[in-house]
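Subject: Structure handover

Hello,

Here is the structure, for you to look over. My notes on what turned up follow below it.

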Amino acid sequence: MHVSRCELLRWQFDFTWSLFDYHLERLEPAGFLWEPASRCWTVRPDVEGTWVPDWAEIEPDLVPVPTIGWVSWHIGWWWSVTIDHAQGRTPRERAEIAWPGDGRTAIEWLRSLREDWLVVLDRLADADLDATAPAFPWPRDSKHTVAHMVAWVNSELMKNVTEIGQLRLLRAASG
């Protein structure tokens, strides 16, 4: 049986999403802002009420432990910008992408990003995978292809899903 590269990448994405959906179905609203350590990155409202992530332009040597809220914002940020690039839109800046403000809305946001990403995936043919990738998350002069971009989304999502799953389990275990 022959599986095209597009079919394989889509299978990998769907598999990763099924793992994510497992955790999304079990997340509790209070779990999004639960801080598992004294050194945490989270999301919090600014003076105008917009939920913004903790951020450092240069990553600290000891990276703070993120909350589920922060990780969900992080997914929303990199995925939104990737979709902007893939759709040929002007990509938003990191600071323009706010966390929705609560767990239920964050889940809806992530699910809508999945739908937007499926539009990107469904219009790709194997020949499209060889085109030069948009300039995210790599520099403009990168030799990466659209196939690299799709594989990166799958890998980044899997990593973030694992982080959210582990945080969810730690919170449950901590009582």
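A salt bridge here is a side-chain nitrogen of Lys or Arg within 4 Å of a carboxyl oxygen of Asp or Glu. Keep in mind that this is a predicted model.

Salt bridges first. The count by this rule is 13. Glu115 and Arg114 make one of them, at 2.8 Å from N to O. Glu115 is partly exposed, as its relative accessible area is 42%. Elsewhere, Arg10, Asp14 and Asp122 are joined into one network by salt bridges that share partners.

Arg111 deserves a look. Asp21 forms a salt bridge with Arg111, and their closest N and O atoms are 2.7 Å apart. Asp21 sits in helix H1 and Arg111 in helix H3 (residues 103-122), so this pair ties together parts that are 90 residues apart in sequence. Glu25 also forms a salt bridge with Arg111, again with 2.7 Å between the closest N and O atoms. This pair links distant parts of the chain too: Glu25 is in the loop between H1 and strand S1 (40-41), Arg111 is in helix H3, and their positions lie 86 residues apart in sequence.

How exposed are these three? Asp21 has 25% relative accessibility and counts as partly exposed. Arg111, at 30%, also counts as partly exposed. Glu25 has a relative accessible area of 52%. The cut-off for exposed is over 50%, so Glu25 is exposed.

Next, the surface. Met1, Val3, Leu8, Trp11, Phe15, Leu19 and Met158 form a nonpolar patch there. Together they have about 780 Å² of accessible area. Helix H1 (residues 5-24) gives the most to this patch, with 4 residues. Met1 lies in the segment before H1. Met1 is exposed, at 97% relative accessible area.

Last, the pockets. The largest one has a volume of about 220 Å³. It is lined by 13 residues, and the closest to its centre are Trp41, Glu59, Val63, Trp70 and His74. By class, the lining has 7 nonpolar, 2 polar and 4 charged residues. Helix H2 (68-86) and helix H4 (146-173) each supply at least two residues of the lining. Which helix gives the largest share of the lining? That is H4, with 3 residues.

Best wishes

Conventions. Residues numbered from 1 in each chain as written. Predicted model: local features only at pLDDT ≥ 70, side-chain atom pairs only at ≥ 80, totals over all residues. Heavy atoms only, no water. 1 Å grid on protein atoms, 1.4 Å probe; cavity = no way out; pocket = protein on both sides within 12 Å on 5 of 7 lines; lining within 4 Å. Points joined across faces, edges and corners; volume = space filled by probe spheres on them. Nonpolar A, V, L, I, M, F, W, Y, C, P; charged D, E, K, R; others polar. Patch = residues over 30% accessible without salt bridge, like charges linked within 9 Å, V, L, I, M, F, W, Y side chains within 5 Å. Areas by Shrake-Rupley, 256 points an atom, 1.4 Å probe, with all protein chains shown as cover. Buried < 20%, exposed > 50% of the residue type's maximum accessible area, 1.4 Å probe, protein only.
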